Amino acid sequence: MKSRLFYGLFVVYAAMVAFVLYINGVFTGGIESADNLIINGVFLGIIGILFVISTAGFMRLNRLTDELEDAAGDLKEAYKKAGNQNVWNELEKDKDFFEEKNLREAFTRFLLQMKSNRIGKRYAGSCDIEDYINEELLDRVGSSHYNSAISGTMTGLGILGTFIGLSLGLGSFSGDDIYTISDNVGPLLSGMKVAFHTSVYGIIFSLVFNFVHRSIMADAYGKLEYFLSIYRQCAAPPVSTGDENTAAMLVYQANQANYMKELLELERGQSKEQAKLLEQMARSFVQQLESVMGSEFKTLGAALQTAARAQTAGAENSREVLDAISALAQSNRNMQENMAHMLERQEQLAGELAAQREQIEKLCQEISRDVSRQLYTFGQMRTLYEDEK
């Protein structure tokens, strides 16, 4: 309902036009001053043009926020159909999720950024849809920079009309005695009517437009927050933080080191057992051959023993390789400790940044209060100035 309050501007505008025409005698056929009517007509025409331009911005903003509200409803429905599961995978493929031009362009830029941050099934970085669909987008679509100046423009037009009316009245006022002065009172009062009328509807339009503009923007911001909350609940993509990536890398390195260590230990144990078995086989074979063939095979036994010793040497070499791998595993553990220390430093830095952010927020609040007090003082001074007039 608040988003349609701008229609009330035209109701107030029509009422003020009818009022001005009535007090200038248009309906009764007794127009006292054509100058007054022309001046009021020009001022009301300018105000009407400003209202039409503002209404175009309000209508664009309403189309955008209505689509945000509908999109939030679609996300909730899809979330329920998926069994309360995240629906980002479906949303990522739906490039036509938004029909409104500004929302579609912003959502497309967001999808491109998310695609560049994709790592496997998750996303690195802190890209959020609010970086693209936010209050700045609403202000731009709704021409907030223009509408925020309309209220002051209305007041300024009322003051300008006041000075124009007084100038017209005083310009036609002349005389040296009471008789000639009394003859010029009529033009003076006619000019004062212009001054009074323009001031009245300038202030009325300023107050009404300010109320309508603030209400519409508050409603738009509320719809934006509603959409963002539903999006984060139902369709926010899974994002991997820097701590999770580092921890995963450390776990992977530790698993690889343990696997290599176990493999080398197994190889060393098998090498020793093979050497013992080969030596036993050589002795048994030599004994059997000696008993059968005599001493001719002693040389063969010696060769087999040499082969057994070579196998033992190979096992020793395997042990040295295992020691080297153990040293590498120790180096990996040292690197893990260093990475853990870096993570602690990052947490400390995050705490310091949070503290600095709180200080900046407090400073901004103080500045905002100072500006509010100054604006209030300025308003009081303007009220006193108008009362004195």
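In the protein, 79% of the contacts between residues at least 6 apart in sequence join residues at least 24 apart. The structure described here is a predicted model. Its secondary structure consists of eleven helices and three strands, and the order of these elements from the N terminus is α-α-α-α-β-β-α-α-α-α-α-β-α-α. Of the 389 residues in the protein, 31% are buried. The accessible surface amounts to about 24700 Å², and carbon and sulfur atoms account for 58% of that area.

Helix H2 covers residues 34-81 and contains 48 residues. With a rise of 1.5 Å a residue, the expected span of helix H2 is 70 Å, and its end C-alpha atoms lie 69 Å apart, so the two values agree. Beyond the helix, Gly83 follows H2 and has a positive phi, near 75°.

Helix H2 also takes part in aromatic pairing, through Phe51. The whole structure holds 17 aromatic pairs. In one of these, the ring centres of Tyr13 and Phe51 are 6.1 Å apart and the ring planes meet at 70°. Because planes over 60 degrees apart count as edge-to-face, the pair of Tyr13 and Phe51 is assigned to that class. The pair links distant parts of the chain, with Tyr13 in helix H1 (residues 7-23) and Phe51 in helix H2, 38 residues apart. Tyr13 and Phe51 are both buried. Both residues also belong to a cluster linked by ring pairs, whose members are Phe6, Tyr7, Tyr13, Phe51, Phe58, Tyr201, Phe205 and Phe209.

On the surface, a nonpolar patch is formed by Ile159, Phe163, Leu166 and Tyr385. Together, these residues have about 340 Å² of accessible area. Helix H7, which spans residues 150-171, makes the greatest contribution to the nonpolar patch, with three residues. Ile159 is located in helix H7. The relative accessible area of Ile159 is 31%, so this residue is classed as partly exposed. The class follows because partly exposed residues fall between the limit for buried, under 20%, and the limit for exposed, over 50%. Membership of a patch requires over 30% relative accessible area, and the value for Ile159 is 31%. Ile159 in the surface patch is thus partly exposed, whereas Tyr13 and Phe51 in the aromatic cluster are buried.

Terms used: Residues are numbered from 1 along each chain as its sequence is written. This is a predicted model: local features need pLDDT of at least 70, side-chain atom pairs count only at pLDDT 80 or more; totals for chains, interfaces and linings use all residues. Side-chain values use heavy atoms; hydrogens and water are left out. Patches are made of residues with over 30% relative accessible area and no salt bridge: like charges are joined within 9 Å, nonpolar side chains (Val, Leu, Ile, Met, Phe, Trp, Tyr) within 5 Å. Accessible areas come from the Shrake-Rupley method with a 1.4 Å probe; for residues, only the protein chains shown count as cover. A salt bridge is a side-chain nitrogen of Lys or Arg within 4 Å of a carboxyl oxygen of Asp or Glu. Helices (H or I, at least four residues) and strands (E, at least two) are DSSP runs, numbered from the N terminus. Buried means under 20% relative accessible area, exposed over 50%, partly exposed in between (1.4 Å probe, protein chains only). Contact means heavy atoms within 4.5 Å. The expected span of a helix is 1.5 Å times one less than its number of residues. Rings of Phe, Tyr and Trp (its six-membered ring) pair if their centres lie within 6.5 Å; planes under 30 degrees apart count as stacked, over 60 as edge-to-face and the rest as tilted.
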